[in-house]
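Hi everyone, thanks for making time. Let's look at one helix pair first and then at a hole inside the protein.

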Amino acid sequence: MTFSRNALAVALIAFAPLAHARDVALPPASGFLFWSPTQQRIGYRSIEKIFPTRVVKRGTTVSPIPATDKPFDVNYRFKGKRLDTGAFMAANNTSGLLIVQNGRVVLERYGLGRTAQDRWTSFSVAKSVTSTLVGAAIKDGYISGVDALVTTYLPELKGTPYDVVRVRDLITMRSGVKWDENYSDPKSDVNRFGAEPLPKNGANPVEAYMGRLPRAHPPGTVFNYNTGETDLAGILVTRATHKHLADYLSERIWSRIGTEQDAVWILDRGGEELGGCCVSMTLRDYARFGLFFMQGGRVGSDEILPRGWVEAASKRQTKTDFGQLGYGYFWWIHPDGSYEAIGIFGQSILIVPKENLVIVTNSAWPEADADRFYIARDAYVSAVRAALRDRSRH
């Protein structure tokens, strides 16, 4: 794996000026991707005090997630050592771990000074939220479908390579528009697009930059991880619905699935939510979003998403550059049929429909996207799934 697998826009650093410079306990916005472990522990749960954000309002009723009456833990071997949940969390700088099976909390743990009331930033987990809002906008009639042309909703991109790009191409990372997500190259697109001057005509800076890119492949043919286009997908939903992403998320999902707290969503320099990054929510609210999606995007008898959307979004639409991982609609697809929203520094919502299982992890890894942390987390998850299968047999 490389850093680009789950990267947010590095340009976020440029998008978001420090909001509370006098609060010395908070880390500076200018070093977001390079915060020290101490700064991560404070900053990841205090995003709205550091960056400009918009509130995602919760509803009036909290939907409880009851706990099972049996204590649960795992004891497994990893790299020659015996580990349990506490050892796993300590070794991987985990701030929150929540396992929900059959609608009940099997295990809930906190670390790094975090409590159940603290939000934690999602990084690229937000991408899966954004694609879900694309589905909601289709169900509500704001977007005609995944085969609609992007320029129908972003007419400013007419006359660019996006003329022939469909919404489907955008949310599967197959637009064919040339994009370089090389973080070590200061001239790459991902390192440049957020640092561009604000357009004098008032256009959104992300949209303006993306519209200047050339074509590399026919649309729908080649997967290329593209953080800029996840932000573009968010702008598309905003233009189609005439609502801010945070407001639309609140209206259609957040206020209706029994979330316990407001969420907050980081804004770009143009005042739009970053479709590719950084919705902050509590650990249990991460799980509520995962449960909502696993249950077909329904709230009671009300279908929030088009019929068949969850099935399409959570199946492999394309192969990727990352081994056996496939890609759906801004969801990573595993070979066993499970799927995952993944963010750098150790954020994840893993959904295993066959086991009616949602596992949420929030972390503050010292490196954004190192293989060893994914390997350690995968080993823990495998141990959890095996233990739950064993428990169900007794």
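So, helices α4 and α9 cross in a left-handed way, meaning that the near helix is turned anticlockwise from the far one by less than a right angle. Helices here are DSSP runs of H or I, at least four residues, and strands are E runs of at least two, numbered from the N terminus. This is a predicted model, where local features need pLDDT of at least 70, side-chain atom pairs count only at pLDDT 80 or more, and totals for chains, interfaces and linings use all residues. Residues are numbered from 1 along each chain as its sequence is written, and side-chain values use heavy atoms, without hydrogens and water.

Who touches whom? On α4, V129, T132, L133, A136 and A137 make the contact, and on α9 L245, Y248, L249 and I253 do; contact means heavy atoms within 4.5 Å. That set splits into 8 nonpolar, 1 polar and no charged (nonpolar is Ala, Val, Leu, Ile, Met, Phe, Trp, Tyr, Cys and Pro; charged is Asp, Glu, Lys and Arg; the others, Gly among them, are polar).

Now the hole. The largest cavity, a set of points on a 1 Å grid over the protein atoms alone where a 1.4 Å probe fits but cannot get out, has a volume of about 40 Å³, counted as the space filled by probe spheres set on the points, which are joined across faces, edges and corners. It has 10 lining residues, with S124, K127, Y327, W332 and I342 closest to its centre; lining means an atom within 4 Å of a point. Helix α4 turns up again here: α4 and β14 (339-343) each supply at least two lining residues. The lining divides into 6 nonpolar, 3 polar and 1 charged.

Notes: On a 1 Å grid over the protein atoms alone, a cavity is a set of points where a 1.4 Å probe fits but cannot get out, and a pocket is an open set with protein on both sides within 12 Å along at least five of seven lines; lining residues have an atom within 4 Å of a point.
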